[in-house]
Amino acid sequence: DILVVSRLDRRKDSRPRMRQIVWGALAMAALFVALCITALLFISRTIFKSITLLEQHTQKIANGPLNVQIPAPPQHQSNEITSLTENLEKMRISLKESTERKDKFIMGISHDLRTPVALIKGYTEGIMEGVISGQEKMQKSLGLIHNKAAQLETMINELINFVKLNTGEWRKKLEAQALAPLLEEFAEGLAVAQDVFKRTVQTDIRIRNDLAVPMDTMLINRALENLYSNALRYTTEGDTISFCAVQEANFVRISIADSGCGIKQEDCDRIFDLFYRGSNSRREDGFGIGLSVVKNITDAHGWNISVQSEAGKGTAFTITIPLPLNAPPAI
């Protein structure tokens, strides 16, 4: 068998079709590039506006005043840069509060230091100018000068210690120490002092001797002394001061309570503020930083302090100490 091929159909030219495919791909690429450029221009414009706005707000904070609120960016313009504006507003508020605390601190120092200094100066000038004469008057005046100088020294020491508390260097040296011996020793001191101050002191310590917590014993003693001094100041002869420390499942609660004049509710809300002095303490000597120091000490240890009081029915300050998971069980 013989096959004879005499004629074949010639294939159609595929070059026009290839040109269409190439031009279509180029058009798609061009469209994609145009979209990318448009998106980049939009993002760049938004970021540029955000950076400009951020620079303006930063310049305002640098030049002051801090009272001008930084407006939040529109929701549709939110991005990583504009989120910095919110943080900048938080920083402005923090700086404003810090400045107010500093001004209040300086005003408080100026006011409270001025009183003993003025008295010392007045009595000294009276002695030098001969206004105060006679052995008895001289001795009385020198005694007042000595007392005011001692008061001034105490105030300065309190300020120095208050500043040291805020540095936080002492926190690095905290070690776990037995809590019960510290509280028992403090309670013994209260029992001895009750005859001197003519107060009835009640103590109740129910803490395991092997319970140890990280603390600075000197600072904790100072906090307890401040609370006890506060109880003495607002009680009279015959009143009761109680000191209790009880270990619970996860906490130790230390309480210093009194049956004195109590604290008004409006004072309770601000009793731990720096330089704040309640309505019952207007005639008392002091800086008004004692309870603020107590608050700083407890907060720095990771503890909590609260106050419950009612005018005319006494006051109770409670320090709550969280215990570690491996703490021995309560008694």
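Which residues make a nonpolar surface patch of about 410 Å²?

## Surface patch

The patch is made by F32, V33, I37 and L41. The model described here is predicted. L41 belongs to helix 1, which spans residues 15-63. With a relative accessible area of 58%, L41 is exposed, because the exposed class begins over 50%.

## Nonpolar core

The largest nonpolar core contains 42 residues, and the members that touch the most others are L179, L224, F243 and I254. Two or more residues come from each of several elements: helix 4, helix 5 (217-233) and helix 7, together with strand 3 (212-215), strand 4 (240-247), strand 5 (251-258), strand 6 (304-309) and strand 7 (315-322).

The surroundings of F243 can be listed in detail, leaving aside its neighbours within four places in sequence. On that basis, F243 is in contact with L183, F186, A187 and L190, among others. The contacts of F243 also include Q202, T203, D204 and I205. The remaining partners of F243 are L224, I254, S255 and I256. Among these partners, L224 and I254 are themselves named with F243 as the core residues that touch the most other members.

## Strand 4 and strand 1

S242 is found in strand 4. At 18% relative accessibility, S242 counts as buried, since the limit for that class is under 20%. Neighbours within four places in sequence aside, S242 is in contact with Q202, S255, I256 and A257. Q202, S255 and I256 are also contacts of F243.

Q177 is found in strand 1, residues 175-178. Its relative accessible area is 29%, and Q177 is therefore partly exposed. When residues up to four places away in sequence are not counted, Q177 touches L211, A212, V213, M215 and T217. For M215, which is 38 residues from Q177 along the chain, the separation of the two C-alpha atoms is 6.7 Å.

## Helix 7

Helix 7 covers residues 290-300, and its buried residues are L291, S292, V293, V294, I297, T298 and A300. Helix 7 is also among the elements that give two or more residues to the largest nonpolar core.

Helix 7 also holds a charged pair: K295 forms a salt bridge with D299, with 3.7 Å between the closest N and O atoms. Both residues lie in this helix, 4 residues apart, about one turn. An α-helix has 3.6 residues a turn, so residues three or four places apart point the same way. K295 is partly exposed at 23% relative accessibility, and D299 is partly exposed with a relative accessible area of 38%. After the helix comes G302, whose phi is positive, near 80°.

## Salt bridges

How many salt bridges does a search of the whole structure find? The search finds 5. Side chains of opposite charge can pair when their charged atoms come close. Besides the pair in helix 7, one of the salt bridges joins R208 to D210, the closest N and O atoms being 3.0 Å apart. R208 is partly exposed, with a relative accessible area of 27%, and D210 is partly exposed at 47%.

Another salt bridge links K313 and E310, with the closest N and O atoms 3.6 Å apart. In this pair K313 counts as exposed at 61% relative accessibility, whereas E310 counts as partly exposed at 44%.

## Cysteines

A disulfide is a covalent bond between the sulfur atoms of two cysteines. A search of the whole structure finds 0 disulfides. C244 is partly exposed, with a relative accessible area of 28%. C261 also counts as partly exposed, at 34% relative accessibility.

## Backbone at K198

K198 is not a glycine, yet its phi is positive, at about 55°. The residue is found in the loop between helix 4 (179-197) and strand 2 (200-206). K198 is partly exposed, with a relative accessible area of 47%.

Definitions and conventions. Residues numbered from 1 in each chain as written. Predicted model: local features only at pLDDT ≥ 70, side-chain atom pairs only at ≥ 80, totals over all residues. Heavy atoms only, no water. Buried < 20%, exposed > 50% of the residue type's maximum accessible area, 1.4 Å probe, protein only. Disulfide = S-S within 2.5 Å. Patch = residues over 30% accessible without salt bridge, like charges linked within 9 Å, V, L, I, M, F, W, Y side chains within 5 Å. Areas by Shrake-Rupley, 256 points an atom, 1.4 Å probe, with all protein chains shown as cover. Salt bridge = Lys/Arg side-chain N within 4 Å of Asp/Glu carboxyl O. Core = buried A, V, L, I, M, F, W, Y, C linked by side-chain atoms within 4.5 Å. Contact = heavy atoms within 4.5 Å.
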